[in-house]
Amino acid sequence: MLNTKLNDLKKMLLDEAALVEKMVITSMNALQNGNSCNLDAILILENKVNRLELDIESFCTSLIALYQPEATDLRIILMSYKINNDLERLGDQAVNIAESANAIFGEPIAGCLPTLFKMYQKAISMLHQSISAFIQRDAPMARQVCVDDTIVDDLNRLMHSTLIELMKGNPAGINTYMHLLRISKNLERVADLSTNIAENTVFLVLGKVIKHRI
């Protein structure tokens with residue numbers, strides 16, 4: 001019976017992760033294609049994520065109360081609880097990206113997009129891989145997500161220095177550049193939160209804490 005409930009829990013997390021991925025992808029596609037982002041649609045998805053977060057939180061609590069799980073089963077529930085929280089926070093980052101994408105709609109930003117989209121491609125890949133690693137209990141895949149976080153950090157620093165120089169040369173564009181900085185920072189947070197999920201997966205599989213070290 002508990003195994004069935006744990007499978008239900010994994011399905012709920014997959015549904016939540018799929019919504020978050022869709023939010024990030026939709027927001028970044030609008031930016032890349034020079035379109036305005038449908039913020040109302042993003043907020044509808046965020047509401048679904050928020051409801052799922054509460055449902056999963058309640059589900060985890062009830063599983064512990066009803067079944068008093070031990071060992072691996074208990075770790076699955078506890079890590080699911082933590083990952084659930086990270087997924088909700090990922091949804092917040094997606095909303096921030098959508099808001100900034102709309103704020104700079106129509107502005108000349110093409111020169112900044114290559115580095116930003118390298119960040120995006122890596123960050124969204126990390127998110128997808130972190131969830132896959134958790135569901136499959138794949139510690140090597142999870143560790144690779146942790147390694148990839150440094151790539152996103154480096155790209156974020158590059159974006160930061162590039163945009164600071166652009167601000168110096170074109171003060172009139174500071175508002176646009178600040179929104180690009182915000183998007184870059186939010187993509188970095190997507191990578192960071194995906195790394196959290198990966199670290200929790202390693203703990204689930206190996207019982208080993210790897211936070212802040214690989």
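This briefing walks through a few helices and residues of the structure shown above. The model is predicted, so please read each value as computed from it. A good place to begin is the pairing of helix α1 with helix α4, which pack at an angle of about 170°. After that come an aromatic pair in α4, a buried asparagine in α6 and two residues with positive phi.

**How α1 and α4 pack**

- Helix α1 covers residues 2–32 and helix α4 covers residues 113–136.
- The axes of these two helices are 11 Å apart.
- Why are α1 and α4 described as roughly antiparallel? Their angle is about 170°, and angles over 145 degrees count as roughly antiparallel.
- On the α1 side, the residues that meet α4 include Leu13, Leu14, Ala17, Val20, Val24, Ile25 and Met28.
- On the α4 side, the residues that meet α1 include Leu116, Phe117, Tyr120, Ile124, Leu127 and Ile131.
- The residues of this contact divide into 17 nonpolar, three polar and two charged.
- Lys10 and Glu21 of α1 are among the residues in the contact, and both count as charged because Lys and Glu belong to that class.

**The end of α4**

- Gln136 is found in helix α4.
- Is Gln136 buried or exposed? With a relative accessible area of 51%, Gln136 is exposed, since the cut-off for exposed is over 50%.
- Gln136 and Gln32 are 104 residues apart along the chain, and their C-alpha atoms are separated by 32 Å.
- Gln32 is one of the α1 residues that meet α4.

**An aromatic pair**

- How many aromatic pairs does the structure hold? There is one.
- Phe117 and Tyr120 form this pair, with 5.6 Å from centre to centre and 85° between the planes.
- The pair is edge-to-face, because planes over 60 degrees apart count that way.
- Phe117 and Tyr120 are three residues apart in helix α4, which means that about one helical turn separates them.
- Both Phe117 and Tyr120 are buried, and both also take part in the contact with α1.

**Where α6 meets α3**

- Asn186 is found in helix α6, which spans residues 174–206.
- A relative accessible area of 5% makes Asn186 buried, as the cut-off for buried is under 20%.
- A polar atom of the Asn186 side chain lies 2.7 Å from the backbone oxygen of Arg182.
- Beyond its neighbours within four places in sequence, Asn186 is in contact with Gln93, Asn96 and Ile97.
- Gln93 is found in helix α3 and is also buried, with a relative accessible area of 11%.
- Which residues does Gln93 contact, leaving aside neighbours within four places in sequence? They are Asn186, Arg189, Val190 and Leu193.

**Positive phi around the start of α3**

- Gln68 sits in the loop between α2 (39–67) and α3 (71–103).
- Although Gln68 is not a glycine, its phi is positive, at about 45°.
- Gln68 counts as exposed, at 63% relative accessibility.
- Ala71 lies in helix α3, and its phi is near 50°, a positive value in a residue other than glycine.
- Ala71 is exposed too, with a relative accessible area of 57%.

How values were computed
Residues are numbered from 1 along each chain as its sequence is written. This is a predicted model: local features need pLDDT of at least 70, side-chain atom pairs count only at pLDDT 80 or more; totals for chains, interfaces and linings use all residues. Side-chain values use heavy atoms; hydrogens and water are left out. Helices (H or I, at least four residues) and strands (E, at least two) are DSSP runs, numbered from the N terminus. Buried means under 20% relative accessible area, exposed over 50%, partly exposed in between (1.4 Å probe, protein chains only). A polar contact is a pair of N or O atoms within 3.5 Å; within protein, one must be able to donate a hydrogen and the other to accept it, and residues adjacent in sequence count only if both atoms are side-chain atoms. Contact means heavy atoms within 4.5 Å. Axes are lines fitted to C-alpha atoms, for helices over the stretch in contact, and angles run from 0 to 180 degrees between N-to-C directions. Rings of Phe, Tyr and Trp (its six-membered ring) pair if their centres lie within 6.5 Å; planes under 30 degrees apart count as stacked, over 60 as edge-to-face and the rest as tilted.
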